[in-house]
Amino acid sequence: MRNHFAKGLSLFVVPTLVMIGLTGCTDEKIVYRDRPVYDEPADGAGEFVGYTLTGAETPIPSCANCHVGPSAEWSETDHASAWATLEESGHAQEFCRGCHTVSEFGNPVTGASGYNGSQDSLRYKDVQCESCHGPGLPHVAAPDGSGPLASMLAGSDLTNGCGECHAGTHHPFVEQWEASAHGNVQSFAAGRDGCKDCHSGNGSLERWGFNANYTEKADFDAGNGYMDITCGVCHDPHGGPNSAQLRFPIENTSVEGHLCAQCHDRRSEPDPGSSHGLHPHSPETALLQGEAGFFFPGMEITPPAVIVGSHGNEGNTRLCAGCHVDNWTVTDDTGEFAFQAVGHTFAAIPCVGEDGIPTGETECALNTEDRYFGSCATSGCHSTATAALGALQSATSLNKLLADEVHELLEQVPDGEIDGSDGVITVAEGAEFNYHLAHFGAGRDGEDIDARLGYTGSAAHNPFSTRELLVASIEALKKEYGPFTTSDWYQNFILENPELLPR
């Protein structure tokens, strides 16, 4: 008889009872087996043990003999079929195989080991546990409950971690990540109370309750620096129920459940208890859903008009990722492959060079030559890149004009009406918040919107709710502190769009 474990991993019955649970090796208390836990490493493989073959119906990672749960999750990931994926691709080459097998890549070992040292594809095929955790022989030979830990760091200059394989022109995840804000932790923010949860990778994992051990954890727990938002923060290295091994799903429009919204959904309305309460902070997800901003008494924004026409609707099932994580292939003048963009700069309209390859810059001009608009056009939302650019420029220009109008009226309100520390939100303070929401993350009013991208944050995330919030702010300021005279442009705009007036 046999004792079957999760998803096909099985261990054979023997007369001997092995109390593995007492050593800390596994969640199960009793395991039966009649064969060795591991096979000796192949010649040239170093201390990598790879798959167990002796007595097994099918090869399973040696680690799976004890660590049943993580191994079962891993078996459902692309790492578990990495060798077959490469071999079936039609363009497998020998230099590719080191990253599709257990080798020295991805862990602290240097020098050809595992598959690279032995050429044993049966034992060392696929990206097994040892690919990240390092050689398993010392641990399986004398398990003491600790086990080899994997690194959670990432970087193109590291010889361990995800970046040693997830790099290069075909899959430049780590290079693009390094150019993003996720790859450049802000120590001044990460060290502040309440900020570490999102401004550091170790803080995010702690807040989410993912407290598995890793090489650097003790040092970070001791307060020695902060970890960037690395690959293993958003992606669970062992796998899970979500696509791309993500810790939270991205195929939904739920603010509470979406991966990006775990951090990009902070101060989306005025906070009378904060000295920064009149400035939005990461309000993107709530803005997408038409829920960000200060809503004056009696003000209503009609959801069908706002949500359906924004980027936060059911037509964009990936929500933030629908625009900010886009994959596309760059070809050269002859049509040959040049670069595979993987969307890990997390820019919705990234800056590109003359060759069409993302540069990692953020302040290039707003046009279809210097920026890639493919995520807007290929999604089916906009017919062409030019159409997407035109819609963005139109919304940006309108929001800027309306925000300028709010700013002019705010300059005229009585002293003392704008005080973010008094615990009360006045009409002026609500309008102040909406003004800042209209251009969060960009420059102050008066800057060149084409060169500086001022106001495109709100214009891209939800131009319609932003527009209504600004109109409502103008009308509320006039009613509360008037008589104020608005510009001829605004008066004509309202005559043409009376439906925007507060109802």
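The paragraphs below lead through one predicted model, beginning with its confidence and moving on to its helices, its hollows and two details of its backbone.

Since this model is predicted, a careful reader may begin with the confidence of the predictor, and here the chain averages a pLDDT of 87, with 88% of the residues scoring at least 70. The elements of the chain do not share one value, for strand β1, which covers residues 2-4, has the lowest mean pLDDT among them at 34, while helix α3, covering residues 114-118, has the highest at 98. Strand β1 belongs to a stretch, residues 1-26, over which the pLDDT is below 50, and in the model this stretch has 69 contacts beyond near neighbours in sequence. The pLDDT is also below 50 over residues 443-452, a stretch for which the model shows 24 contacts beyond near neighbours in sequence.

With that in mind, we can turn to a first pair of helices, α17 (residues 385-410) and α18 (residues 427-438), whose axes come within 10 Å and cross at roughly 145°. The crossing of these two helices, α17 and α18, is left-handed. On the side of α17 the residues that take part are A403, V406, H407 and L410, and they meet A428, A431, E432, Y435 and A438 in α18. When the residues of this contact between α17 and α18 are sorted by class, 7 are nonpolar, 1 is polar and 1 is charged.

A second pair of helices lies further along the chain, where the axes of α21 and of α22 (residues 488-496) come within 13 Å and cross at roughly 115°. The crossing of α21 and α22 is left-handed, and the contact is made by R467, V471, I474 and E475 from α21 together with Y490, F493 and I494 from α22. By class, the contact of α21 with α22 has 5 nonpolar and 2 charged residues, but no polar ones. In the loop between α21 and α22 we find P483, which is joined to G482 by a cis peptide bond with an omega of about 5°.

Helix α21, which spans residues 463-481, also gives the most to the lining of the second largest pocket, namely 5 residues. This pocket, the second largest, has a volume of about 200 Å³, and its lining is made up of F296, P297, G298, M299, V427, A472, E475, A476, K479, E480, P502 and R503. Sorted by class, the lining of the second largest pocket has 7 nonpolar residues, 1 polar residue and 4 charged residues. One of these lining residues, E475, is also part of the contact that α21 makes with α22.

From the pocket we pass to the cavities, of which 2 are counted with a volume of 30 Å³ or more. The largest cavity holds about 60 Å³ of space and is lined by 13 residues, among which D326, W328, G343, A347 and P350 lie nearest its centre. The lining of the largest cavity divides into 8 nonpolar residues, 4 polar residues and 1 charged residue. The second largest cavity has a volume of about 40 Å³, and the residues that line this cavity are M299, E300, E468, A472, L500, L501, P502 and R503. The lining of the second largest cavity contains 5 nonpolar and 3 charged residues, with no polar ones. M299, A472, P502 and R503 appear in the lining of this cavity and also in the lining of the second largest pocket.

A last detail concerns the backbone at D126, where phi is near 75°, a positive value in a residue other than glycine. D126 has its place in the loop between α4, residues 121-124, and α5, residues 129-133.

Note on methods:
Residues numbered from 1 in each chain as written. Predicted model: local features only at pLDDT ≥ 70, side-chain atom pairs only at ≥ 80, totals over all residues. Heavy atoms only, no water. pLDDT = per-residue confidence, 0-100. Helix = DSSP H or I, 4+ residues; strand = E, 2+ residues; numbered from the N terminus. Contact = heavy atoms within 4.5 Å. Axes fitted to C-alpha atoms, helices over the stretch in contact; angles between N-to-C directions. Left-handed = near helix turned anticlockwise from the far one by under 90°. Nonpolar A, V, L, I, M, F, W, Y, C, P; charged D, E, K, R; others polar. 1 Å grid on protein atoms, 1.4 Å probe; cavity = no way out; pocket = protein on both sides within 12 Å on 5 of 7 lines; lining within 4 Å. Points joined across faces, edges and corners; volume = space filled by probe spheres on them.
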